[in-house]
Amino acid sequence: MSQSEPVHGGILIVDFGTQYCQLIARRVRELGVYSRITAPDMALAAFREQRPAGVILSGGPCSVYEGDAPHLAREILDQKVPVLGICYGLQWLSHTLGGRVEPAKDSGGEYGRTEMELTGPSALLEGVRARSTVWMSHGDKVATLPPGFTVLARSGPCPVAAAADDKRGFYGLQFHPEVSHSEQGDVVLRNFVVKIARAACDWRPGHIVAEKVRAIAAQVGTQGEVVMGLSGGVDSSVAAVLIHRAIGARLHCVFVDNGLLRQGERDVVEHLFRDQEHVDLRIVDARERFLRALDGVDDPERKRKIIGKVFVDVFREAARDFQRAHFLGQGTLYPDVIESVAAHGGATAVIKSHHNVGGLPEDLDMELVEPLRDLFKDEVRAIGRELGLPSSLVDRQPFPGPGLAVRCVGALSAEKLEILRQADAIVRDEVETHALHKGLWQWFAVLLPVRSVGVMGDQRTYAYPVVLRVVSSQDGMTADWELLPLEALRRISSRIINEVKGVNRVCLDITSKPPGTIEWE
Ligand code: XMP
């Protein structure tokens, strides 16, 4: 399965097992410079392929003197390209080049905010105040620097907070410039990436689009055809538009209406792709098929599995109509494919594989076209804007693959899904029309499988409750519940009760994650 051509230049980041690796990559990209993460045992090959302007060695949980501490090929230091070691990266550099690393026994290590003091002027720390706050997290320290190095800064318990061997282009920081608690970390990273390594600052949306379109055209060739599933989400949409720019009518998109979509979703996709972008779009109405397969199923995981399987079957059948398509387009993002080392020691590369559209099986035997596989979500959004996609799509809230099925608690029915769809549309309308979603991660309705008594007019009602779920989050891993303004809550409650038949109560979910999850199933 070959991938698109790699991007050359930029910064190569070697992951020694830090939790901050993606953050380093993002900080570099925020400078407008391409960056890529690799595992230590693949670093030399990645270097030769990428030909970066500079290398950053990340931190990691190990000590260099532990038997299973991660190492990388020493040749990487002979490439005449500047190298910056951060934390463990600095210790590995020191250890490898003839310095001495030892446990910071006397101080028990250094964790959290620390004051750093410069010892003299340097290219690496140019523009950093004489005293500034940095974020440390290390148990070992460099006791003796290798020959050729000088100390650039120190902190209380740490004699070497920053060091350099300008002549050979080796640099090291004991602190973490990538975390926001390091006051001028951005200045230090910029000094290394832009001034010392002289990496080209050309990683901008316009440049990325041109680069991607060129790479897709090269991969698919002049005759190749691509089939891909559109979910209506930002990733598959941006990927499809990029592929379409590259190969036009040789892209065939399949949108599966599984009956679990939100109100208007199918129309939006149809309008955008067929009418505006003129993409060859096949809409498969599989609503009944999904509902039949899910009949009577109330276990959340079984629901997910069934939805995944039916999607694959439906997609496979639709794709048969495109016999000439030997390529499969996917909206896979970089965080899904980053090669990362196991948390402790062993440099085993773990490749997480994730399929945006329902999980397509390997045996489709097609070559993947994944134009977003080296991009972060915010970069994908920026590209979406560059491509002229509407904000309603580019900035839309995450929507789970199994759709409304995991918000309609218990066994599904067409009636319940329709009630939920209407209630959810009101929540979205009120939040989005009044621009209340700034800072929010998701805002939606959940339908519970119980009924309670109410009264409307002179009538007694016996109907379902709807739960309003509004959360903030950085990445969906943890989340806080959020309270909409009281006026908005009043409007949402009143509209749902009055406009949606079958609902007589609106409740608020005020549970964070953990202990709750964002979705109800
Ligand atoms: P939870 O409910 O686990 O959700 O707190 C975290 C984030 O992931 C989304 N989510 C899913 N996305 N398939 C998806 O594509 C799923 O099965 C799925 N389950 C949850 C959820 O919307 C939230 O943003």
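Let me start with a term: a residue counts as near a molecule if one of its heavy atoms lies within 4 Å of it. Keep in mind that this is a predicted model.

With that cut-off, which residues surround the ligand? Going along the chain, we have Arg304, then Pro400, Gly401 and Pro402. Next come Trp441, Gln442 and Gly476. Lys513, Thr517, Ile518 and Glu519 complete the set.

Now some distances. The side chain of Glu519 places an N or O atom 2.5 Å from a ligand oxygen atom. For Gln442, a polar side-chain atom sits 2.9 Å from an oxygen atom of the ligand. Gly401 uses its backbone: an N or O atom there is 3.0 Å from an oxygen atom of the ligand.

On to the nonpolar cores. The largest one has 51 residues. Val227, Val254, Phe290, Leu484 and Ile496 have the most contacts inside it. Several elements give two or more residues to this core, including strand 13 (251-257), strand 21 (459-472) and helix 14 (486-499). Which element gives the most? Helix 9 does, with 8 residues.

Take Val227 from that core. Among the residues that Val227 touches are His252, Val254, Phe315, Phe322 and Met366. Another core, of 40 residues, lies apart from the largest one. Ala246, Ile247, Leu333 and Ile383 are among its members.

Next, the sheet. We have an open sheet of 9 strands, with mixed pairing. The order is 2-1-3-4-11-10-9-6-7. Why do strand 2 (35-38) and strand 7 (131-138) each have one side without a neighbour in the sheet? They stand at the edges, and each has a single partner strand, so one side is left free of a neighbour there. From one strand to the next, the twist averages 30 degrees.

At one of those edges, strand 7 pairs with strand 6 (residues 110-118) in the antiparallel sense, over 8 bridges. One bridge joins Gly112 to Met136 in strand 7. Elsewhere, helix 2 (residues 43-50) lies across strand 1 (11-14), strand 2 and strand 3 (54-57). Helix 2 runs at about 170 degrees to strand 1.

Last stop: Asp374. This residue is in the loop between strand 18 (367-369) and helix 11 (377-386). Buried or exposed? Asp374 has 14% relative accessibility, so it counts as buried. Its side chain makes a polar contact of 2.8 Å with the side chain of Lys212. Beyond its neighbours within four places in sequence, Asp374 also contacts Val7, Arg29, Tyr34, Trp203, Tyr334 and Glu379.

Technical notes:
Residues numbered from 1 in each chain as written. Predicted model: local features only at pLDDT ≥ 70, side-chain atom pairs only at ≥ 80, totals over all residues. Heavy atoms only, no water. Core = buried A, V, L, I, M, F, W, Y, C linked by side-chain atoms within 4.5 Å. Buried < 20%, exposed > 50% of the residue type's maximum accessible area, 1.4 Å probe, protein only. Helix = DSSP H or I, 4+ residues; strand = E, 2+ residues; numbered from the N terminus. Contact = heavy atoms within 4.5 Å. Pairing = 2+ DSSP bridges. Axes fitted to C-alpha atoms, helices over the stretch in contact; angles between N-to-C directions. Polar contact = N/O pair within 3.5 Å; in protein donor to acceptor, adjacent residues only side chain to side chain.
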